[in-house]
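Hi everyone, thanks for coming. Let me put the structure up on the screen, and then we'll walk through it together.

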Amino acid sequence: ALRDVAVTDDGRAIWFVGGSGVIGEYRVDTDTLTNYSAPKGKTSTWEAVSVRGRAGRDERLYFVNGSGELLVGVRQGSGAVAYRKVIKPGGGSTIPAIDFHARERGHVCSTSQLVSESTDGGRSWTRIGIDFSGTSFYDLASVGPKDVNVAAGNGIIYRYDGFRWTPHVVDDRRQGIRAIDRLATRGLATGAG
């Protein structure tokens with residue numbers, strides 16, 4: 001099963017991830033599919049992907065898996081993808097979501113109610129919340145350092161303004177919000193129902 005997709009800044013490539021270490025790239029402009037599965041021998045389920053840059057030129061790829069691992073890939077001038085050392089920004093808990101709003105700035109959330117921020121391309125992470133939630137996290141949208149949303153259980157979307165987290169109930173039936181995406185002042189979210 002596939003778990004997540006992300007598109008390059010120029011819209012020419014779609015990256016996707018899934019079970020058994022599956023990673024792939026579909027080039028919309030050339031109608032080609034390339035298999036990048038199990039990089040560094042990692043065959044855990046990749047839960048999410050985020051990509052910044054232009055297709056085939058300067059992509060920076062961020063992959064997270066069910067083992068709480070982050071793998072960063074950088075497109076080289078030769079066209080190959082070079083991978084960095086694997087790290088665990090969530091302390092080992094499953095990371096269901098990652099989103100970078102700039103080439104080296106973004107956020108992750110874990111199943112243990114952790115949200116962390118990186119400003120150096122994923123080399124280091126700083127915890128920014130959410131201590132009081134008491135519910136599961138499923139997805140996040142990183143628009144900027146002071147504009148983050150986390151899709152959570154109980155029909156809640158949390159909003160971060162750079163200083164505090166505010167819960168917003170968006171489903172009166174209190175079903176989990178499973179996915180969220182944002183662009184500036186607009187966004188979409190979806191839930192179990």
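So, to start: with which side chain does the side chain of Asp147 make a polar contact? Have a look for a moment. The partner is the side chain of Arg182, at 2.9 Å. Before we go on, please keep in mind that this is a predicted model.

Okay, let's stay with Asp147 and Arg182. The two also form a salt bridge, with the closest N and O atoms 2.9 Å apart. Asp147 is in strand 14 and Arg182 is in strand 17, so this pair ties together parts that are 35 residues apart in sequence. Buried or exposed, what would you guess for Asp147? Asp147 counts as buried, because its relative accessibility is 19% and the cut-off for buried is under 20%. Arg182 counts as buried too, at 17%.

If you're new to this, here's the background: side chains of opposite charge can pair when their charged atoms come close. In this model, the count comes to eleven salt bridges. I'll show you two others.

One of them is Glu25 with Arg75, where the closest N and O atoms are 3.2 Å apart. Glu25 lies in strand 3, residues 23–27, and Arg75 in strand 7, residues 70–75, so here the linked parts are 50 residues apart in sequence. Glu25 is buried, at 3% relative accessibility, and Arg75 is buried as well, at 8%. There's a third member here: salt bridges that share partners join Glu25, Glu59 and Arg75 into one network.

Now the other one, Glu47 with Arg3, with the closest N and O atoms 3.7 Å apart. Glu47 lies in strand 5, residues 46–52, and Arg3 in strand 1, so this salt bridge ties together parts 44 residues apart in sequence. Glu47 counts as buried at 16%, while Arg3 is partly exposed at 48%. Asp4 also belongs to strand 1, which covers residues 2–7. The C-alpha atoms of Asp4 and Glu47 are separated by 6.6 Å, although the two residues are 43 apart along the chain.

Let's switch to rings. How many aromatic pairs does the structure hold? Eight. Ring pairs link Trp15, Tyr36, Trp46 and Phe63 into a cluster. Over at Tyr138, the charged end of Arg178 sits over the ring, 4.1 Å from its centre.

On the surface, there's a nonpolar patch of about 310 Å², made by Val5, Val7, Ile14 and Val28. Ile14 comes from strand 2, residues 13–18, and is partly exposed, at 31%.

Last topic: backbone oddities. Most residues other than glycine have a negative phi, and most peptide bonds are trans. With that in mind, look at Gln113, with a positive phi near 55°. Where is Gln113? In the loop between strand 10 and strand 11. Ala184 isn't a glycine either, and its phi is positive at about 50°. Ala184 sits in the loop between strand 17 and strand 18. Gln113 counts as partly exposed at 22%, whereas Ala184 counts as exposed at 52%.

And the peptide bond? From Gly129 to Ile130 it's cis, with omega near -5°. Ile130 is in the loop between strand 12 and strand 13.

That's my tour, thanks for listening!

How values were computed:
Residues are numbered from 1 along each chain as its sequence is written. This is a predicted model: local features need pLDDT of at least 70, side-chain atom pairs count only at pLDDT 80 or more; totals for chains, interfaces and linings use all residues. Side-chain values use heavy atoms; hydrogens and water are left out. Rings of Phe, Tyr and Trp (its six-membered ring) pair if their centres lie within 6.5 Å; planes under 30 degrees apart count as stacked, over 60 as edge-to-face and the rest as tilted. A charge sits over a ring if NZ of Lys or CZ of Arg is within 6 Å of the ring centre and within 35 degrees of the ring normal. Patches are made of residues with over 30% relative accessible area and no salt bridge: like charges are joined within 9 Å, nonpolar side chains (Val, Leu, Ile, Met, Phe, Trp, Tyr) within 5 Å. Accessible areas come from the Shrake-Rupley method with a 1.4 Å probe; for residues, only the protein chains shown count as cover. A salt bridge is a side-chain nitrogen of Lys or Arg within 4 Å of a carboxyl oxygen of Asp or Glu. Helices (H or I, at least four residues) and strands (E, at least two) are DSSP runs, numbered from the N terminus. Buried means under 20% relative accessible area, exposed over 50%, partly exposed in between (1.4 Å probe, protein chains only). A polar contact is a pair of N or O atoms within 3.5 Å; within protein, one must be able to donate a hydrogen and the other to accept it, and residues adjacent in sequence count only if both atoms are side-chain atoms.
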